[in-house]
Amino acid sequence: ALLPVMGERSNGEGVARLSGFCAGPAVSRATAAAQTLVVNGRPVADPLLRMAVRVAFRDVIPQGRHGIVALFLDLPPEDVDVNVHPAKAEVRFRDADGVRGLLIGALNRALAVGAGHATAPLRFSQHQPRPGLRLVHPAPRPTGFAEAQLPLAAPPAARVLPPPDRYHGPFAATAPAQNPGEFPLGAAVAQVLDTYVIAVAADGGLVLVDQHAAHERLTQEALRDQMLAGGVRAQPLLLPAVVDLPPPQVARLLEQGAVLAKLGLDIEAFGPGAVLVRALPAVLGAPDPAALLRDLAEEFAELGESTALDARLDAAIARLACHGSVRAGRRLEQPEMDALLRQMEATPRAATCSHGRPTFLKLSRAEIEKLFSRR
């Protein structure tokens, strides 16, 4: 599960170089004990470096969990003071902001690998009931894929979908996986419990995708990209919506009006216990304004007034992504499932959702054979 970490930064007088490894977001620990940080050959437990690691993993692992890293920082001796702690466990950097930025940037690049490179372990129970399996209409069979023989027991009976001549879904139309070797997540073959997409990978392995968690990450990254480009695109409502909320929540939302505007939310006061919603983020489709604003108000209350603007924006984007995502229990057509897989492969940090949960699990052919004692 390890990913290489590389980066360097020049301050005009010398170069700071970072190397090492970090675990993918599907693997985390309850404490920071699995974080090894070495500065100029000396192991340290420096709070600035620990904080940089925590910030880099903040959006890809669950709150309260810690990433796994082994990082080696080398920089000119004059740029670091090793005599600020009796046990030399902490250091002082001449360019603290530069070092922090180097670690966060390098870790973010490593964690933004393609979705096919990070997996989470699978656990099976022999006593769980057989789930309902819904077969999708088969796309043109990718080269090298064997005919799938799925003996199905009834009930429940499998629901075979008609050919997907037309559909109106949340994903951009993409071509079917004609050559699975190009696609780490392979081709979709079925949907289980109207929540999980089953795909066959190019190496013969099986991929199980949580459609809500996956689309949540896709939505979050789309919102983040728009934010970095100048602001989230807003979609004016044909008829403004009046949302009734407790007066403290109304006041809190109005205080954060500048933040909400950057996120594509246009609201204004509408009496002491209500707000008028004139526009919502376009990428979210048509979410429930009341539920969305209620969650944002609670998020701002939890963050507190002292939280930096960037942190408030990140937290709000994660909340928006959850409201704009395909829900569990929604049936997806074949083109939608294949489009979901292709977008996951092209999206940074797609292996986990906004809350740090895995978006997919992959069982390789070798692991399948081992489960059946063929290895």
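## A tour of two sheets and a surface patch

Start with helix α2, residues 96-111. Helix α2 lies across β1, β2 and β5. Its direction is at about 145 degrees to that of β1. Keep in mind throughout that this is a predicted model.

**Stop 1: the five-stranded sheet**

Stay with the strands under α2 and bring in their neighbours. Five strands make up an open sheet here, ordered β1-β2-β5-β3-β4. The pairing is mixed. Now select 2-10 and 42-44: these are β1 and β4, the edge strands. Each of the two pairs on one side only. Look along the sheet for its twist, which averages 20 degrees from one strand to the next.

**Stop 2: β3 against β4**

Select residues 35-39, strand β3. In which sense do β3 and β4 pair? They run antiparallel, joined over three bridges. For a single point on this pairing, show Val 38 and Pro 43. Val 38 stands opposite Pro 43, and the proline belongs to β4.

**Stop 3: helix α1**

Next, select residues 47-57, helix α1. Which strands does α1 lie across? They are β2 (15-23), β3, β4 and β5 (69-74). Helix α1 runs at about 130 degrees to β3. Show α2 again alongside: β2 and β5 are among the strands that α1 lies across, and α2 lies across β2 and β5 too.

**Stop 4: the surface patch**

Move along the chain and show the side chains of Leu 193, Tyr 196 and Leu 208. Together they form a nonpolar patch on the surface. Their combined accessible area is about 250 Å². Centre on Tyr 196, which sits in strand β10, residues 196-200. Why is Tyr 196 called partly exposed? Because its relative accessible area is 31%, and that class spans the values between 20% and 50%.

**Stop 5: the three-stranded sheet**

Go on to the open sheet of three strands, ordered β12-β14-β13. Its pairing is antiparallel. Colour 234-244 and 266-269 to mark the edge strands, β12 and β13. Each pairs on one side only. The twist in this sheet averages 15 degrees from one strand to the next.

Now select 274-281, strand β14. How many bridges link β13 and β14? There are four, in the antiparallel sense. Show Ala 269 and, opposite it in β14, Val 275.

**Last stop: helix α4**

Finish with residues 247-255, helix α4. Helix α4 lies across β13 and β14. It runs at about 125 degrees to β13.

Key
Residues numbered from 1 in each chain as written. Predicted model: local features only at pLDDT ≥ 70, side-chain atom pairs only at ≥ 80, totals over all residues. Heavy atoms only, no water. Pairing = 2+ DSSP bridges. Axes fitted to C-alpha atoms, helices over the stretch in contact; angles between N-to-C directions. Contact = heavy atoms within 4.5 Å. Patch = residues over 30% accessible without salt bridge, like charges linked within 9 Å, V, L, I, M, F, W, Y side chains within 5 Å. Areas by Shrake-Rupley, 256 points an atom, 1.4 Å probe, with all protein chains shown as cover. Salt bridge = Lys/Arg side-chain N within 4 Å of Asp/Glu carboxyl O. Buried < 20%, exposed > 50% of the residue type's maximum accessible area, 1.4 Å probe, protein only.
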